[in-house]
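Dear colleague,

I am passing on the structure we spoke about, together with some notes on its interior and its surface. Please read them with the coordinates open beside you.

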Amino acid sequence: MLLFSIAAFACLRLGFIWQEALCLTLLADAVAGCMIAVQRLWKYPAVASFLKYTLIGAATTLVNYVAYWLMAHPLRGLLGIGINNTAWVGIATTVSWLAAVVFSFFPNKTFAFDSHDWSKAVVLREGRTFFLSRVLTYVFDVVFMMIAVSCGMHDMVAKLFSNVVVVIGNFFTSRLIFKKK
């Protein structure tokens, strides 16, 4: 790996100043190290479940963040609503939460937690429980966002902080919902 890093730095140095080339090389090394760690840890079922959930969580967070931004910025601007309107922050948070919950149910069920029973009773039970389990983190998300924005925090920064807590909370409830009997 050291030889690869040296070669990468040398190639990057051709197009960038040495500080940029060094940062890009170190970033590539960090990603490679993470990939090696993931590959080695994947064989442990509990770790694999967490890693799968983390990938789905990242995609779900992106859906949540983009849906929130679309509601809180372009649409709010089109409607002429003030930037610190906490009611609109609550509405935008609610819409983004709904988009994220709908998006995340199926990949979490099948990919992260290996629940492959598609009988109507099981899907309804898991879907209802999944949705209701997200209500607690939804309440946190809305309350945190409204307080943070009213205190002057930029809404997109507040959304990042909120999403960290929401993803962690949702992981533990998802494990309870989809765990095998």
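In this predicted model, there are 2 cavities of 30 Å³ or more. The largest cavity has a volume of about 180 Å³, and 16 residues line it, with Thr60, Ala100, Val166, Val167 and Asn170 lying nearest its centre. Two or more lining residues come from each of α3 (45-79), α4 and α6 (155-178), and α3 gives the most, with 6 residues. By character, the lining of the largest cavity divides into 7 nonpolar, 8 polar and 1 charged residues.

The second largest cavity, with a volume of about 40 Å³, is lined by Tyr68, Ala72, Arg76, Gly82, Ile83, Asn85, Trp88, Val89 and Asp155. The elements that give two or more residues to this lining are α3 and α4, and α3 again gives the most, here with 3 residues. This lining divides into 5 nonpolar, 2 polar and 2 charged residues.

Turning to the surface, Leu98, Phe131, Leu132, Val135, Val139, Val143 and Ile147 form a nonpolar patch, and together they have about 570 Å² of accessible area. Helix α5 (residues 120-150) gives the most to this patch, with 6 residues, whereas Leu98 is found in helix α4 (residues 86-112). Leu98 has a relative accessible area of 39% and is therefore classed as partly exposed, a value that also meets the patch requirement of over 30% relative accessible area.

With best wishes

Definitions and conventions: Residues numbered from 1 in each chain as written. Predicted model: local features only at pLDDT ≥ 70, side-chain atom pairs only at ≥ 80, totals over all residues. Heavy atoms only, no water. Patch = residues over 30% accessible without salt bridge, like charges linked within 9 Å, V, L, I, M, F, W, Y side chains within 5 Å. Areas by Shrake-Rupley, 256 points an atom, 1.4 Å probe, with all protein chains shown as cover. Salt bridge = Lys/Arg side-chain N within 4 Å of Asp/Glu carboxyl O. Helix = DSSP H or I, 4+ residues; strand = E, 2+ residues; numbered from the N terminus. Buried < 20%, exposed > 50% of the residue type's maximum accessible area, 1.4 Å probe, protein only. 1 Å grid on protein atoms, 1.4 Å probe; cavity = no way out; pocket = protein on both sides within 12 Å on 5 of 7 lines; lining within 4 Å. Points joined across faces, edges and corners; volume = space filled by probe spheres on them. Nonpolar A, V, L, I, M, F, W, Y, C, P; charged D, E, K, R; others polar.
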